[in-house]
Amino acid sequence: LMKEVDLPAMQIVGWEGAWGTLMMVAFIFPALWVIPGGDGGHLENPLDTIALLQNSSSVRFVVLLFLFSCATFNATGIAVTSSLSSIHR
């Protein structure tokens, strides 16, 4: 794919994150809301998650650290793949 698409490595990482976020918001969160579970009758409650993020600076820090970690992993993976091959990744 990287040989066929003429995009900079960081733009590929950005699009990967954008599409992942879109899929989570459009499909996964609604599905987790519908499935019965122990979180107020739902398997996952996104409204509760938003409230938790608004009220806890430590949770916000961990989420940002996780996002930075994923972005770094994907950026280095794309750099290795563009320089060598996907087998080296």
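The following exercises, with worked solutions, concern a predicted model of a protein chain. In this model, local features need pLDDT of at least 70 and side-chain atom pairs count only at pLDDT 80 or more, while totals for chains, interfaces and linings use all residues. Residues are numbered from 1 along each chain as its sequence is written, and side-chain values use heavy atoms, with hydrogens and water left out.

**Exercise 1. Overall form**

Determine which elements make up the protein chain and how spread out the chain is.

Solution. Begin with the elements: the protein chain has three helices and zero strands, where helices (H or I, at least four residues) and strands (E, at least two) are DSSP runs numbered from the N terminus. Their order from the N terminus is α-α-α. Next, take the radius of gyration, computed over C-alpha atoms, and the globule rule, 2.2 Å times the number of residues to the power 0.38. The radius is 17 Å, well over the 12 Å that the rule gives for 89 residues, so the protein chain is more spread out than a compact globule. Finally, along the principal axes the C-alpha atoms fill a box of roughly 50 × 30 × 20 Å.

**Exercise 2. The pair H2 and H3**

Describe how H2 and H3 cross and which residues make their contact.

Solution. First, fit axes as lines to C-alpha atoms over the stretch in contact, with angles running from 0 to 180 degrees between N-to-C directions. The axes of H2 and helix H3 (residues 57-83) come within 5 Å and cross at roughly 105°. Angles of 65 to 115 degrees count as roughly perpendicular; H2 and H3 are therefore roughly perpendicular to each other. Second, list the contact (heavy atoms within 4.5 Å): H2 supplies Leu52, Leu53, Gln54 and Asn55, and H3 supplies Ser57, Val59, Arg60 and Val63.

**Exercise 3. Two loop residues**

Establish whether His42 and Ser56 are buried or exposed, and which polar contacts their side chains make.

Solution. Start with location: His42 is in the loop between helix H1 (9-34) and helix H2 (46-55), and Ser56 is in the loop between H2 and H3. Then apply the accessibility cut-offs (buried under 20% relative accessible area, exposed over 50%, partly exposed in between; 1.4 Å probe, protein chains only). His42, at 17% relative accessibility, counts as buried, and Ser56 counts as buried at 15%. Last, seek polar contacts (pairs of N or O atoms within 3.5 Å; within protein, one must be able to donate a hydrogen and the other to accept it, and residues adjacent in sequence count only if both atoms are side-chain atoms). The His42 side chain reaches the backbone oxygen of Trp33 at 2.6 Å. A polar atom of the Ser56 side chain lies 3.3 Å from the backbone nitrogen of Val59.

Notes. Parallel < 35°, antiparallel > 145°, perpendicular 65-115°, else oblique.
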